[in-house]
There are 6 protein chains.
Amino acid sequence: MSKKVVTFGEIMLRLQPDNYLRFVQVDHLEATFGGGEANVSVSLANYGLDSVYVTKLPKHEIGQAAVNSLRKYGVDTSKITRGGDRVGIYYNEKGASQRGSKCIYDRAHSAIAEAVPADFNWDEIFEGAEWFHFTGITPAVSDSLAEITLEAAKKAKEHGLTVSCDLNYRGKLWSKEKAGKVMGEICKYVDVCIANEEDAADVFGIAASSTDVTTGKLNREGYIEVAQKLTERFGFKKVAITLRESISANDNNWSAMLYTDGQAYFSKKYALRIVDRVGGGDSFGGGLIYSCVNEFDPQATIEFAVAASALKHTIEGDFNLVTVDEVNKLAGGDGSGRIQR
Amino acid sequence: MSKKVVTFGEIMLRLQPDNYLRFVQVDHLEATFGGGEANVSVSLANYGLDSVYVTKLPKHEIGQAAVNSLRKYGVDTSKITRGGDRVGIYYNEKGASQRGSKCIYDRAHSAIAEAVPADFNWDEIFEGAEWFHFTGITPAVSDSLAEITLEAAKKAKEHGLTVSCDLNYRGKLWSKEKAGKVMGEICKYVDVCIANEEDAADVFGIAASSTDVTTGKLNREGYIEVAQKLTERFGFKKVAITLRESISANDNNWSAMLYTDGQAYFSKKYALRIVDRVGGGDSFGGGLIYSCVNEFDPQATIEFAVAASALKHTIEGDFNLVTVDEVNKLAGGDGSGRIQR
Amino acid sequence: MSKKVVTFGEIMLRLQPDNYLRFVQVDHLEATFGGGEANVSVSLANYGLDSVYVTKLPKHEIGQAAVNSLRKYGVDTSKITRGGDRVGIYYNEKGASQRGSKCIYDRAHSAIAEAVPADFNWDEIFEGAEWFHFTGITPAVSDSLAEITLEAAKKAKEHGLTVSCDLNYRGKLWSKEKAGKVMGEICKYVDVCIANEEDAADVFGIAASSTDVTTGKLNREGYIEVAQKLTERFGFKKVAITLRESISANDNNWSAMLYTDGQAYFSKKYALRIVDRVGGGDSFGGGLIYSCVNEFDPQATIEFAVAASALKHTIEGDFNLVTVDEVNKLAGGDGSGRIQR
Amino acid sequence: MSKKVVTFGEIMLRLQPDNYLRFVQVDHLEATFGGGEANVSVSLANYGLDSVYVTKLPKHEIGQAAVNSLRKYGVDTSKITRGGDRVGIYYNEKGASQRGSKCIYDRAHSAIAEAVPADFNWDEIFEGAEWFHFTGITPAVSDSLAEITLEAAKKAKEHGLTVSCDLNYRGKLWSKEKAGKVMGEICKYVDVCIANEEDAADVFGIAASSTDVTTGKLNREGYIEVAQKLTERFGFKKVAITLRESISANDNNWSAMLYTDGQAYFSKKYALRIVDRVGGGDSFGGGLIYSCVNEFDPQATIEFAVAASALKHTIEGDFNLVTVDEVNKLAGGDGSGRIQR
Amino acid sequence: MSKKVVTFGEIMLRLQPDNYLRFVQVDHLEATFGGGEANVSVSLANYGLDSVYVTKLPKHEIGQAAVNSLRKYGVDTSKITRGGDRVGIYYNEKGASQRGSKCIYDRAHSAIAEAVPADFNWDEIFEGAEWFHFTGITPAVSDSLAEITLEAAKKAKEHGLTVSCDLNYRGKLWSKEKAGKVMGEICKYVDVCIANEEDAADVFGIAASSTDVTTGKLNREGYIEVAQKLTERFGFKKVAITLRESISANDNNWSAMLYTDGQAYFSKKYALRIVDRVGGGDSFGGGLIYSCVNEFDPQATIEFAVAASALKHTIEGDFNLVTVDEVNKLAGGDGSGRIQR
Amino acid sequence: MSKKVVTFGEIMLRLQPDNYLRFVQVDHLEATFGGGEANVSVSLANYGLDSVYVTKLPKHEIGQAAVNSLRKYGVDTSKITRGGDRVGIYYNEKGASQRGSKCIYDRAHSAIAEAVPADFNWDEIFEGAEWFHFTGITPAVSDSLAEITLEAAKKAKEHGLTVSCDLNYRGKLWSKEKAGKVMGEICKYVDVCIANEEDAADVFGIAASSTDVTTGKLNREGYIEVAQKLTERFGFKKVAITLRESISANDNNWSAMLYTDGQAYFSKKYALRIVDRVGGGDSFGGGLIYSCVNEFDPQATIEFAVAASALKHTIEGDFNLVTVDEVNKLAGGDGSGRIQR
């Protein structure tokens, strides 16, 4: 029987103009669903795990459509609390070349933002589970959610689950100060920390000496330093850092590092021609959790997670709709993109 | 120079599945803009009046797209206050045959709902204007908006404008009791009242004896009675009542009555094959205001207003995109729908 | 806990031009999934039952997409056998006015058509279930499927399930002679029989005296006679017959009769403005099974089933995406199609 | 070997908003091709005749796309002269209910409008042909085309072809006076005349006593009278008159009369739910020519032509994409629009 | 109050297949509006200037749609003369890789091409304005337009406006000889001249020694030489030359030079991944005018203009829908295309 | 009169998600037609040859749509046998960056796969023809087709035609052993052999020493060696080998070699930004045949063929919709992709 992983967070309606059109040009919007944690949950369901997603969604048809978007890909939605008024929204405009993507949040007052602790029975939710995942976006959404996230993390530890967190700092949702305080408390219960270099700096003030995110030049020693400091402060068992070099909105280089047992493992680097980069980090998280649950060795773990997220950049929407076989094929070396016929 | 009419209210993003698809079936949504008062404002701009629309919209691109949707059809948007966080949304699913249309509001906390009196300088706005229009939806949105609407109505009277109000009761926004109290106060400043029979009953408890809205049988005497009572209570100069007979979601009969100077004028009745009935009542309001501003006689007034709104039912979206010529042609008797070539 | 219903049959890829376009006009096709039994299964999941769908589908992405189409609406797909080469296809062209719809089957050699008895473990499938449903299409697809369907029906009876069958004769799949022979054997294990008048005549030679399906005039006595004869021959507990009057491809009248305990119950008749009539009969089956499982009285049963299927005619695609509340509202009398806001 | 029919005229790019959208609402247009004579030519190719279409089109890609649109349906395009600058355009907006369709011509200066007699070698074109068809639109487009059309009609008679002409008066292209003069000359060479009552009145001042086209009430005696007068004046062998009763843009009644050998034959009348009425008259012409070429008796001729054009009203675009079998099926009585499966 | 800029020219309907499809493949076309001068006018309105666009457009709906396309983005359309028959059209097919874009003009006989001097009251139009802009396309369209353009340029100088002209040579509209003669006369009234190297050579025979446009290698000295010669001949205050290196239809390098007061200022060079290159030069003109009106220093001027037009290449359609903030952000150095969230 | 070329094979319905979407994401599919030999036939018709395509297709509308897709581009379809049940299908998912394209065949039991020798009268088909082309896919589809292909090749030689074959090995259709045996027999009748290096190795075990297809490094000597060996074994007059270097699913390098009279001719190499690579090899075949029929010299032959196929990679769908002029322009050196206006 497949292993059970629980993720918790907000799933939003994602409204996006087709192709590279701008918001002011369109009278139709792509309407899909996504969110940092839901994206991980879909990845895990695709990989064949028993993936349980926890959130709160209204009873009306828009809430139902969000549920359906998860069920479609095999996520267990039976633990989703139904109630509240609105589904959070994010408007996303895809960038191209020198023009960056643009994201407008309209997520305040969503059902999950206004959820209360009594909405979730963590003892029941965690029964039989091995792993609990959330991101730093969840506690940023509202004070109530921060409280619930902390409670969930504690409960998860009590139930013996491995707990992972993707720091995922969002400056539009909270200040660095508040993020540092809240996440500092929550991270005490976290085993596996996922971050990019900016996250660590933004949330905990932990920065590598000399990397400049706009140049895209990587500083390997700096990343190791950041991972070491994070490990020292919170006792993480594993720290995974994604390394994105932004050449343009269309072209990025993508790789990552896993730091565990005092050792750093760097992945191959992929030159990405981007179809959709939203959810790229989440797909890395999904790949990492799958690798960990299946006890891959550290190098295989980071290669699987990076290959998974390289593929995500070629897929429209928040969800990483790839199979374990497809990830393994890329991780194993074939990135030539030939036709399979 | 064309006459100036000011309307005030909320314009929302309207998200709708294509054709007759249901919310749970789609991954694209039509994204247009509309709202009871904006719809009237666009009608008036199309008819060549100097139509000024007043609301509050965020500075971001979604707010800008709302502004653009009005400018496109010639509405003067220079009096719109920019600020706040969100554009109100309504999800609309078009019904067919025995299945009714479904409307899900997500308009709480919009920029206009959270507007404050200081956001609008009514003295400046009303300068040079002849007419002020709003609907009963606006004060229903928030207490602050109710206060602003009342202030605007008072100011309009001070500036010598004719004031019109479409009662437009929305049970999802406020209770009948609250509506009655607030609208009762506002209606003191109203000259022209637009309603359907349900509105008068819901808001003021003024009902005709025996009409049942689900049967669609019309009761002429009842409507006259309602108009008389409204006139008695508020001193309206004109009361216009739209008469919809719902046969199915596709087929309605549509006519109206104008009551003025103690006399009732009934329009022709149109058998409508519906393309989009949202905004049908608003297009009636637009036609009525145009007729009044141009001092049509009562029968011509009600015929123009009903013909305008009959045409609206054949047009997608909230806005009634027809010209004075097109309305006159139908009001004048040609409803055969032949090709014009 | 909700009651468990098992359905068995073929789910196909449905390829259809948009709107009323003809096959030769298009370079895009709507690509959804459907099939007589899958449609019933989705109805039941929508109504909140524990709906298990059994079939065989290839492991490749087209097979996966079929699985996903069911999961999305809450159907339990865990009993679907994966294997074989192809997903059956039907091309569907929607008719209008005097032009009928056109259906081209390309379903031979599908995974389920080539399934073998060992592909399904009925003892395991039926564990905890109350009801088993299939249609006359399934045994028509291949000899192997006829054998499997018979086995399943027998096993269902052994496990104490109620068994329902929609005769659903398809002249393009088998001859009347073969249908009569195979269905005659299978119907021995059936409790609830669903048919239209043509089915009974085509499959069993049981016809009412004087009804002509092309005139659409109904013959109540004739339908009762057919139901009586079916009951006499097979010992059915219930016989339900749908009554369609085709005025044009856009307009049909729709009602039904339930015959049980020697008594006939006729439903209201609905004048349908059709959006999509494919799956209309299946949605009747879904409504009927839901009513029976919930032990509605006979009149309520037939009213629910007919209201459910009236709504289906307003919904695009094979699946009847309505809730119990929506069906009850229509069955309770409101078919005016007004906006719900 | 199939019989050869030559048609001559203008094929235009037809730009149309999707569904019932208005010109001012869209940023996409359907881009198909059509024109009175091309529509007939496609009908005849669909019916299996050797259908040759003659026109002039630019060498560029838009001209090529027009050629391709005809080749696709089997029309012989080898006699089309290539040259000139532009493809004529007509913008078409589909009406609904009380709102009529709207057609904006942008066809001046097209390649065919500026064609000269030397562009066509009629002796070569008519070799082996049996029938020549054109409409009153062609000579209306330009003086040069009027001259060419007259020459073609004369040559056709010399070669022993049957010549048919659909009067098709277009008030946006020429005056009634000019039409009468030019068509009066051309009609001397015509054997089969197709018209609607307005055409005969507009072009030749031949009107029935009391029919009013906006009421849609038919006046059988009047039509016979018109046909008689036309026959008397020009010596036509056959006169066919289509009878449209416009109830709304969605609903028309449709029938026709054939007058030949002093006898009038009226067809069945169809109640049409319209998908696209453009080309309705042309499809009648196509059906009529097919019937005549195959020497159907008068009643069968008019029934085939009317059934063909009834079906056209259910098909998007100018072309009538139906087969002989489909027309025969409807002419034979089945208009119930049931699914063919 | 914002500064007023007047632009004059032709706005056309742009018909384009979706994505990279070819003309012969499609039955839908994107239908937007654009033209060299209208594109500049929209840029300026987006930047917050009081942007007045002058042209002539038919009164019908296609003309109205053109007006609406400008109003939507805030352009003042009150000075557009309404009349004439047709809206000019250009068919545009987007190239990819080694396949170039293809443009087919169908603009002869448009309303503006057939405009007469009396259609425009330049004294009224220029009242309160600071700047007048047109391009070399306008006088190329017709002799009458050449005359009107010359008159407008003269009048603008009389009113004290700064006059800018983008040479924009179009070989499909006129010969080099005629262009040289007409533009030579008009340029006497021009202050700011915009060109690419080919323009100067084509129109005035002013070429740099050794640059070959198909290799894309830049020759800085050559461009300075061209600007000097232009300045000498016409007394321009500023000459701006755009420098495009075409690697493929997808990839271009883009930079520009501003020559003023005897000094040349070269911008940064952008490596563009192109979404839509039509209007690239116009967006440069828009950026340049905005910079000049706001009196940026020469280096800032050319950087703003080039950054603005670099962004244009990422935006679908003729119009450059970017804000001053977005241009400044890119000109200031961030071209990494990261998500803004 | 243009020269006649006959091609023989299977044309399939190609079902593909829009853009880069995956199969599991879509509810619409692009529905076009294509196949190795049909693609060549369309190329030749576009180049102005008398191109006859031979296959077998069902009589129903899907078969008709396949016929129409060929007629549209000028292919002579009069020799297509009509009958059988199904049109073969291939599902195609376009890859991006590191994710390869995915092709799922559903072509078993198609009309052509089940064709019998009596379905084709080769003597009649080859009358007046100069060239016969097929690919190694055709005999792979079924044993019956292998037999028919062999017969056709023999007959073609008897009639004095030049025979060309593209080896086109498809591992999903047959084993290398079977391919080698069947193709070895057929190739005895072939004059011109087209292959890529993998084909020669897969089918005949003829490999160059050291090239690895996944690295994309070319080995010129190896290709010459392969061509020599093929020539020696089968006596081919010409061997053409395409050389693809796969960098990613978006970026390939593309060139080719022609080996004839003991001499090897290498083409220019194109760096392709891919729009659609399906049919890339077929377009090479089309270009090669055109060059040979027109007796270009060897270097011009290979340059034309490679330029043609370079352009194909920029065109959506299987068919290479380019003209001789466009190919010549690229072969002549202009690949800068500038706008042609």
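**View 1. A:Val275, a buried loop residue.** In this predicted model, A:Val275 counts as buried because 20 other C-beta atoms sit within 10 Å, and 20 or more is what the cut-off asks for. As for where to look, A:Val275 lies in the chain A loop that runs between strand E15 (270–273) and helix H9 (280–293).

**View 2. The neighbours of A:Val275.** Leaving out residues up to four places away in sequence, A:Val275 touches A:His313, A:Thr314, A:Ile315 and A:Glu316. The contact list also takes in F:Tyr20 and F:Ala96 from chain F. Add A:Asn19 to the picture too: A:Asn19 and A:Val275 are 256 residues apart in sequence, yet their C-alpha atoms are 9.4 Å apart in space.

**View 3. C:Cys193 inside the largest nonpolar core.** This core runs to 714 residues. Cys193 of chains A, B, C, D, E and F make up the residues with the most contacts inside it. Zooming in on the chain C copy, C:Cys193 touches C:Cys165, C:Leu167, C:Cys187 and C:Leu230. C:Phe234, C:Phe236 and C:Val239 complete its set of contacts, with residues up to four places away in sequence not counted.

**View 4. Where chain F meets chain E.** Here 21 residues of chain F are in contact with 22 residues of chain E. On the chain F side, the elements giving two or more residues are strand E15 (270–273) and helix H10 (298–312). Strand E15 of chain F gives the most, with three residues. Sorted by class, the chain F side that touches chain E has nine nonpolar, seven polar and five charged residues.

Notes
Residues numbered from 1 in each chain as written. Chains lettered and ligands numbered in written order. Predicted model: local features only at pLDDT ≥ 70, side-chain atom pairs only at ≥ 80, totals over all residues. Core = buried A, V, L, I, M, F, W, Y, C linked by C-beta atoms within 7 Å. Buried ≥ 20, exposed ≤ 12 C-beta atoms within 10 Å, placed from the backbone. Contact = placed C-beta atoms within 7 Å. Helix = DSSP H or I, 4+ residues; strand = E, 2+ residues; numbered from the N terminus. Nonpolar A, V, L, I, M, F, W, Y, C, P; charged D, E, K, R; others polar.
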